[in-house]
Amino acid sequence: MTLRAVVKGVGHYLPERVVPNSEFEEKIETSDEWIRSRSGIERRHFAAEGQTTSDLGIRAAQAALADAGLQPNDLDAIIVATSTADLTFPSAATMIQAGLGMTRGFAFDVQAVCAGFVFALTNANGLILSGSAKRVLVIGAETFSRIMDWEDRGTCVLFGDGAGALILEAEEGTGSTDDRGILATDLNSDGQYRDILYVDGGVSTGTTGYLRMQGKEVFRHAIEKLAQTAHTALDKIGLTGDDVDWIVPHQANLRIIKGTAQRMGVPMERVVVTVQDHGNTSAASIPLALSVGKERGQIKQGDLVVTEAIGGGLAWGSVVIRW
Ligand code: UT7
């Protein structure tokens, strides 16, 4: 028998305020046409004043718990992928733990920027396979609107706020790729590229800082590295793009999503796309897309789902899940 980390519930939360591209046309030199054609983004959600990353995470977690029919104290651990925790410390995960009323287990954050959710899922899988936890809540939650330079048109039109959550539970499988649960993972990072996507603030500057990005450079790496990591993960279990029911990619740019799917030999009909409605929500984008994909009736139990993401670091990776 082989232990597997099986998906038991999924949920998401988006802040109420929806900001269409047209709102930027009034403030900076840009156009709805430019934003749509270069990124695929049509609108995004922004958190209300005072609404924090942990607030969004709590709402997404409650939705996932309801979907799984579980209570907070049924969980052993919470892992939160975020780069926009409410405070430098404590972690967003412990704030969410308190907000949910969970009084047992442990909680911690994972910071791998836009790739954070695949890093968090891989950590959760490791905790389950090692017997350290039986049920793990994995959350991606972000408020990137807090780190936007509103005068930098190359970045401020691209990002949004939101949260998604997934509950994984230990279950015995047979060891075959027909098992439900996480079947393979692949993680990578290369700090040589730390300067092409970063925030220019933090403990060393005494400021929160703003996101800075060399978009074209990141784009080039994304197209190459995303298909590569997805292939590597699939290779580990002897599967190919033909076996994939759904790619659920990090939602940064529709052109990157299409380019990656093409390189994997997977048609766009088998890709969950939410970037038009959410913008780039960094570590929240994959769990948001998983939850919306399930809600739309796209992702069904037994489907082979491949998630892949890249972000600041650079850090990138993928996770193959039998849903
Ligand atoms: O989630 C983490 C990973 N992040 C990503 O994956 C993002 C990767 N990069 C991208 O998605 C794309 O590079 C962007 C959407 C950021 C930009 O698309 P691009 O096709 O690479 O455009 P560009 O940066 O080369 O800019 C083209 C032109 C420039 O003008 P010039 O120099 O050609 O005259 C920019 O100044 O578009 C201009 N531009 C804009 N124009 C109108 C940049 N931002 C805007 C804007 N509105 N908002």
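A polar contact is a pair of N or O atoms within 3.5 Å. In this predicted model, a polar side-chain atom of T30 lies 2.6 Å from a nitrogen atom of the ligand, so the pair falls within that cut-off. The ligand occupies the second largest pocket, and its shell draws at least three residues from each of domain 1 (2-173) and domain 2 (181-322). Beyond the ligand site, the briefing covers two cis peptide bonds, from F89 to P90 and between G313 and L314, and a positive phi at V113.

**Contacts with the ligand**

- Around the ligand there are 22 residues, of which T30, K216, H250, N253 and N280 come nearest.
- The side chain of N253 places an N or O atom 2.7 Å from an oxygen atom of the ligand.
- For R255, an N or O atom of the side chain is 2.9 Å from an oxygen atom of the ligand.
- On its own the ligand has 950 Å² of accessible area, and the protein covers 74% of that area.

**Make-up of the shell**

- Two or more residues of the shell around the ligand are given by each of the elements α2 (32-39), α6 (153-156), α7 (215-236) and α8 (254-264).
- The largest share comes from α7, which supplies four residues.
- Sorted by class, the shell around the ligand holds 11 nonpolar, six polar and five charged residues.
- Both domain 1 (2-173) and domain 2 (181-322) take part in the shell, each with at least three residues.

**Cis peptide bonds**

- The peptide bond from F89 to P90 is cis, and its omega is near 5°.
- P90 belongs to the loop between β4 (77-81) and α4 (92-100).
- G313 and L314 are also joined by a cis peptide bond, with omega about -10°.
- L314 is in the loop between β12 (304-311) and β13 (315-322).

**Backbone at V113**

- V113, a residue other than glycine, has a positive phi, near 50°.
- The loop between β5 (106-110) and α5 (116-129) contains V113.

Methods. Residues are numbered from 1 along each chain as its sequence is written. This is a predicted model: local features need pLDDT of at least 70, side-chain atom pairs count only at pLDDT 80 or more; totals for chains, interfaces and linings use all residues. Side-chain values use heavy atoms; hydrogens and water are left out. A residue is near a molecule or strand if one of its heavy atoms lies within 4 Å of it. A polar contact is a pair of N or O atoms within 3.5 Å; within protein, one must be able to donate a hydrogen and the other to accept it, and residues adjacent in sequence count only if both atoms are side-chain atoms. Accessible areas come from the Shrake-Rupley method with a 1.4 Å probe; for residues, only the protein chains shown count as cover. On a 1 Å grid over the protein atoms alone, a cavity is a set of points where a 1.4 Å probe fits but cannot get out, and a pocket is an open set with protein on both sides within 12 Å along at least five of seven lines; lining residues have an atom within 4 Å of a point. A molecule sits in a cavity or pocket if more than half of its atoms lie within 2 Å of its grid points. Ala, Val, Leu, Ile, Met, Phe, Trp, Tyr, Cys and Pro count as nonpolar, Asp, Glu, Lys and Arg as charged, and the others, Gly among them, as polar. Domain bounds come from an automatic or database domain assignment.
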